[in-house]
Amino acid sequence: VYKRQASDSLLYTYSAEEIRLSLSRLSDLEQDLKTVGAAGLDERQMEDSRLLLSWIRGERFALRELRYHRSGPLLYCWILEEALWGIPLRTAPPYEGELEAYERRRGRIPALLASAAENMQNPAKPHMELASKRLRRLIGNMPSLEKTVRARYGRGGALPDSVARSITGFLGIIEGTLSAQTRGNMILGTENIAKIFRYGEMIDLDPAGMIEEASKQIRSLESELSALRRGAQAARPGAAPGPRTIVERIRGLEADPGSGKRIPAEIELAPGTIPRAGFVKNANLGIPAPEGEPVSLVSTSALSAGPCAQSLAYRDEGTVNESRFLYHALRALATRGEERRLCAEGDTTRTLLGSDLYPHLVRFLEIDALIEAFPEQRTRLRIMLAEEKIRALARMTVFFEMHAGTMTTGSAIDYLTGAAGMSAEEAASEVLAATYSPATAHAGIALLYIDRMVKKAAETRDSTPPGRRVLLTLEEHNYLPPAMAFGYLEP
């Protein structure tokens with residue numbers, strides 16, 4: 001597996017030759033894995049082998065059958081954004097030669113956008129409109145990018161003319177030539193969705209059953225929410241603690257021998273920082289939806305040569321003493337242990353190929369314990385947790401229904417405003433994201449798996465609470481898809 005320094009200068013451009021070589025190498029790699037077999041492998045190596053094999057098949061499906069690179073302008077926008085901003089916004093100090101690697105990667109952008117112009121066939125109009133907005137925003141942020149590069153390296157920053165021209169040229173194509181061809185369908189269909197999750201998460205998908213299960217959970221959460229809100233009216237909580245107090249209390253939890261946690265690690269505070277999304281395992285199966293979280297945990301990647309470190313990054317907007325900031329901070333900190341382990345163990349395989357559902361599972365399970373560390377804010381925090389769960393399940397429902405062709409854009413917006421309490425504008429944005437990003441369903445699927453896993457863990461009769469048993473199993477088999485981890489819960 002490439003270390004980050006070795007891959008920083010690379011950029012996949014989706015040229016016909018690159019795709020041909022990729023498919024050939026994927027077949028060779030699959031054959032090599034089959035030849036090696038399972039003989040002599042320990043449990044973790046066998047797990048990694050299964051992850052790699054599933055990724056190979058997913059990548060091949062994406063390039064041969066799904067072919068998002070032929071219809072998805074947002075794929076190219078996302079790659080372009082990451083190629084320009086990903087390296088300069090790292091929190092770890094730059095290594096020697098990083099700027100030169102970044103400049104080589106940046107120099108591949110014209111080839112990427114030339115491939116995009118050649119590959120695109122009949123994209124969907126809403127995707128084209130969003131691509132236009134993202135490109136215009138990117139162009140408008142070029143002065144800020146130049147300042148960011150200079151701040152990191154003390155030199156450089158100016159975008160080469162060839163790169164700048166290729167970006168404005170691609171915008172012209174999006175808004176001109178391709179805009180006359182925007183009749184593409186945004187519906188992927190149940191067969192493609194099933195394959196996306198089979199290869200991405202090893203799930204044998206049952207959308208109708210999952211939608212029914214989500215509906216039951218939403219009804220239960222609505223009842224819980226009503227009771228919590230009645231309790232909140234009678235409570236008079238004081239001001240929520242600020243970032244430093246939050247981190248200190250979490251460290252106190254980790255230091256408690258009864259918590260089962262490892263020795264606490266230092267978490268720095270990074271006010272005013274807005275981190276970018278992390279690594280995406282297989283963008284060809286669907287790019288990430290924009291998150292815009294007000295608080296994020298930034299962890300050193302196992303792909304980095306730098307020392308392992310973590311920081312709590314947040315927008316410094318004067319809201320750090322509000323309950324909502326506290327909730328988002330706990331939400332971010334819930335996965336701190338797993339991210340820390342990946343870096344400490346240098347686990348590049350799980351970093352690159354691990355489950356995208358896994359962080360959601362850990363976050364929902366871990367945040368319960370974190371909320372108990374703030375009893376004065378408990379009711380408010382549990383209200384926000386219930387609201388988040390309802391929204392996650394509603395997003396998942398919209399994703400499955402829309403791609404099955406059983407829910408229109410309008411009915412999806414109405415559903416989200418009613419079931420999840422979203423504004424019409426927010427619901428419209430969520431529905432658009434669901435058309436291009438399977439990640440919109442991840443948190444909802446994770447909640448369904450938590451329910452199944454907790455029920456399975458309850459079959460073992462001992463002093464360990466079922467939720468705790470599930471969390472310990474996940475930690476032991478970190479970043480495995482829940483469908484694989486489920487097997488380790490057998491009594």
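**Helices 3 and 4 and strand 2**

Helix 2 (16-36), helix 10 (190-201), helix 15 (348-353) and helix 22 (482-485) are among the elements that cover the buried residues of helix 3 (contact: heavy atoms within 4.5 Å; buried: under 20% relative accessible area, 1.4 Å probe, protein chains only). The model is predicted, with local features requiring pLDDT of at least 70 and side-chain atom pairs 80 or more, while totals for chains, interfaces and linings use all residues. Residues are numbered from 1 along each chain, and side-chain values use heavy atoms without hydrogens or water.

**Exercise 1.** Identify the buried residues of helix 3 and state which phi Arg 67 takes.

*Solution.* Step 1: the buried residues of helix 3 are Glu 47, Asp 48, Leu 51, Ser 54, Ile 56, Gly 58, Glu 59, Arg 60, Phe 61, Ala 62, Leu 63 and Leu 66. Step 2: Arg 67, just after helix 3, has a positive phi of about 50°.

**Exercise 2.** Compare the expected span of helix 3 and of helix 4 with the distance between the end C-alpha atoms.

*Solution.* Step 1: the expected span is 1.5 Å times one less than the number of residues. Step 2: helix 3 (residues 43-66) has 24 residues and should span 34 Å; its end C-alpha atoms lie 32 Å apart, which agrees. Step 3: the 13 residues of helix 4 (residues 73-85) should span 18 Å, and the end C-alpha atoms are 18 Å apart, in agreement. Step 4: 13 of the 13 residues of helix 4 are buried.

**Exercise 3.** Explain why strand 2 is largely enclosed, and sort its residues by direction.

*Solution.* Step 1: strand 2 (residues 295-299) is largely enclosed by the rest of the structure because 5 of its 5 residues are buried. Step 2: Val 295, Leu 297 and Ser 299 point one way, Ser 296 and Val 298 the other way, and all are buried.

Definitions and conventions:
Helices (H or I, at least four residues) and strands (E, at least two) are DSSP runs, numbered from the N terminus. Buried means under 20% relative accessible area, exposed over 50%, partly exposed in between (1.4 Å probe, protein chains only).
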